Structures are given as structure tokens and as C-alpha cells.
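Dear colleague,

Please find below the structure that I agreed to hand over. My notes on what was found in it follow directly after.

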Amino acid sequence: MKTKSLVGLVTAVLLPVSLVATASPASAVALRAAPPKVTIAIAGDQATISQATMRPGVVEFSVGDTVIVPGPDGGPEQLAVVRTDQLDYVLQQFGAVFGDPTDPAAGAAAAQGMRNIRQASTWYGGGSPGTTFQVVLPAGNYYVLGVQTAAMGLVKPAPFTVSGERRKGQLHSTTGTIRAVSTKGGGNAFVTKGLGTMGNGWLKFANSAKEIHFLGMGGVKTGTKNGQIRKFFQGSAPTFFTKTQYAVDVISPGISIAVKGPFKPGRYLIDCFVPSETDGMPHALMGMWSLVDIG
Ligand SMILES: [Cu+2]
């Protein structure tokens, strides 16, 4: 009798444990149910999105083909995700933002433009063709757009709607973090964590600052020093860039996004050229840059 009850006890103890052991991965998967995978791109003069409605929660965007931005700095257009009820107004503000940053009047207009954009819209990141990223979207009216080509009137934004019950799930785990922060003097800076041991992991780009920021990541030769970067920002031609480049498009204060790796190991110049809300000077020229090593 004693033996039987002991067996019963052991079974009673073991069974839930084994159930937990088998149930745990399944429930973890359920909690992290795969987010909807949405492709965004540009076709001709129109931004496109593979689904026009989705529920609030994590969404995974992949950036497909875009267009080349006309002009001297014309690389492949990035696509960005923005929530706003005032799209025309926001695009109009970019007219001032893309002015000449060395002209004081234009600088003041750019600063005002950035303040207006921040107040009238929320930016959830984006990237160049080939970029995949996840972000948590609350309910609202959204657009996918290439900021430069939309502001030039060349490519029409694609609207989409987020509504309904929130989906469960969290952002993909990340092994490295780049955070935009406000500094005491009223400036902006990057703070990084875990980049040296990122492996094939994802990167979190988070905005804990008061202004809108983006993340440029330009590969540089090993041994590139801060002094070379300072001279570059003062106008000297750079000799240190490699061909490796990543970019994460603008995010508003309070927003975090997870960008899919792997990122090629090596040294990078990270910088942000969003005009300052104080005087329109690009953040990088006020010190928002850093040399970092990704490993
Ligand atoms: Cu910035």
C-alpha cells in the first residue's frame, strides 16, 4: 500500500513536470505567434504594401525593390512606416527639412519642420531594399512611403489601417542595441550595447530621446579613428568607407524596432543626419555619431 501510494505520488509529481516540459515550448511559441509578414516596396510612382489592414501588435516588414532617388545624393530610396492623420501636412514640412543646412534661415525652417513633423506623426522605422524589421503598431491610420521621393511628389504613399483586437506577441529578441538619447546640453547621441557579440542576431534600434532620429551604419576600414571622422564631417573626402552599409529609417521618440541580422562583423560609423529641432543642423554634425565594432 505504501509503495503504491508512493508510486502514485511520484507519478503525480512527475506528470505535471513532464507536461510542463512538453507544454512550455508550445506555449512560448503561442505567445510569440509569428507576426504577419508584410512586404513593402515601390513600383513605378506608387509605394505598395502586401496587406492593407492588420491588427495591432507586432508586424514584420520586409523592404522589397524601391527606386533611385534623383539628385547628387541619390541612392536607393528607403521605405518608412508612419502613423498620421495629416499626411499632406507632414509631407509639406519635409520641403523645409531638405533645405540647405548651412543657411541660417533654412536651418530655422528645418528645425520648425522637424518639430511640426514630430507633433503630427509617429515614425516606426524602415529601411533600404533587403531590410527586414519588426515593430509594434497600435491602432491607427498609416502609410508606407519613401520620405524623399514622397516629399518630391514622385512616389505616392501606400495607406494601410491597423485596427481590431491586439495580437499577442513581442518583438523578436535582439542581441545588440543602439539607442538614441538626449544629452544634457540639449544635443543627441547614440548609446550602444552588445554590438561586439551580436553574432547572427537581430539589432534593436530604440529612440529614448526627445527628437526623431534615424540610424546610418556605414562600414569603415579596421583602424579608422575618431579624428578621421571629425575631419570628414568638417568636409574632407573620406578614404575609410567600405562597401558595407545599413540604414534604419526614422523612428519617433519612444519607439523601438528590431532589425533582422546578420550584420557583417567589422567597424562602422553610426550616425544620424536628421536636422536638429534647435537650429536645423544635422544631428551628426552636432556629435550624434560613433565608431562601433560589430562582432
Ligand atoms: Cu538624430
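Before the findings, one convention: helices (H or I, at least four residues) and strands (E, at least two) are DSSP runs, numbered from the N terminus. In those terms, P262 is found in the loop between β15 (256–259) and β16 (266–271). The peptide bond that joins G261 to P262 is cis, with omega about 0 degrees. As general background, most peptide bonds are trans.

Please bear in mind that this is a predicted model.

Overall composition

The protein chain has 295 residues, of which 34% count as buried. Its secondary structure comprises five helices and 17 strands. Among contacts between residues at least 6 apart in sequence, 73% join residues at least 24 apart.

The nine-stranded sheet

One open sheet is formed by nine strands in the order β3-β9-β8-β5-β6-β14-β13-β16-β17, with mixed pairing. Its edge strands, β3 (53–54) and β17 (289–294), each pair on one side only.

Within this sheet, β6 (residues 122–127) deserves a separate mention. Six of the six residues of β6 are buried, so the strand is largely enclosed by the rest of the structure. Strand β5 (residues 79–83) pairs with β6 in the antiparallel sense over four bridges, and V82 stands opposite W123 of β6. Strand β14 (residues 241–251) also runs antiparallel to β6, and two bridges join them; here G127 has V248 in β14 as its bridge partner.

Further along the order, β13 (residues 213–220) and β16 form an antiparallel pair over five bridges. In that pair, G219 has Y268 of β16 as its bridge partner.

The eight-stranded sheet

A second group of strands, eight in number, forms an open sheet in the order β2-β1-β4-β7-β15-β12-β10-β11, and its pairing is mixed. The edge strands are β2 (46–49) and β11 (188–193), each of which pairs on one side only. From one strand to the next, the twist averages 25 degrees.

At one end of this order, β1 (residues 37–43) and β2 pair in the antiparallel sense over four bridges. Residue I40 stands opposite I49 in β2.

The nonpolar core

In soluble globular proteins, nonpolar side chains tend to be buried together. In the present model, the largest nonpolar core has 66 residues, and those with the most contacts inside it are V144 and I257. Which residues does V144 touch, leaving aside those up to four places away in sequence? They are I40, A47, I49, L79, V81, P157, A158 and F160. Two of these, I40 and I49, are the residues that stand opposite each other in the pairing of β1 and β2.

The packing of two helices

Helix α2 (residues 87–97) packs against helix α3 (residues 104–120) at an angle of about 155 degrees, with their axes 8 Å apart. The two helices are therefore roughly antiparallel to each other, since angles over 145 degrees count as such. The crossing of α2 and α3 is left-handed. On the α2 side, the residues that meet α3 are Y89, V90, Q93, F94, A96 and V97. Their counterparts in α3 are A109, A110, Q112, G113, M114, N116, I117 and A120.

With kind regards

Notes. Residues are numbered from 1 along each chain as its sequence is written. This is a predicted model: local features need pLDDT of at least 70, side-chain atom pairs count only at pLDDT 80 or more; totals for chains, interfaces and linings use all residues. A residue is buried if 20 or more other C-beta atoms lie within 10 Å of its own, exposed if 12 or fewer, and partly exposed in between; C-beta atoms are placed from the backbone. Two residues are in contact if their C-beta atoms, placed from the backbone, lie within 7 Å. A nonpolar core is a set of buried Ala, Val, Leu, Ile, Met, Phe, Trp, Tyr and Cys residues joined through C-beta atoms within 7 Å. Two strands pair if DSSP finds at least two bridges between them. Axes are lines fitted to C-alpha atoms, for helices over the stretch in contact, and angles run from 0 to 180 degrees between N-to-C directions. Angles under 35 degrees count as roughly parallel, over 145 as roughly antiparallel, 65 to 115 as roughly perpendicular and the rest as oblique. A crossing is left-handed if the near helix is turned anticlockwise from the far one by less than a right angle, and right-handed if clockwise.
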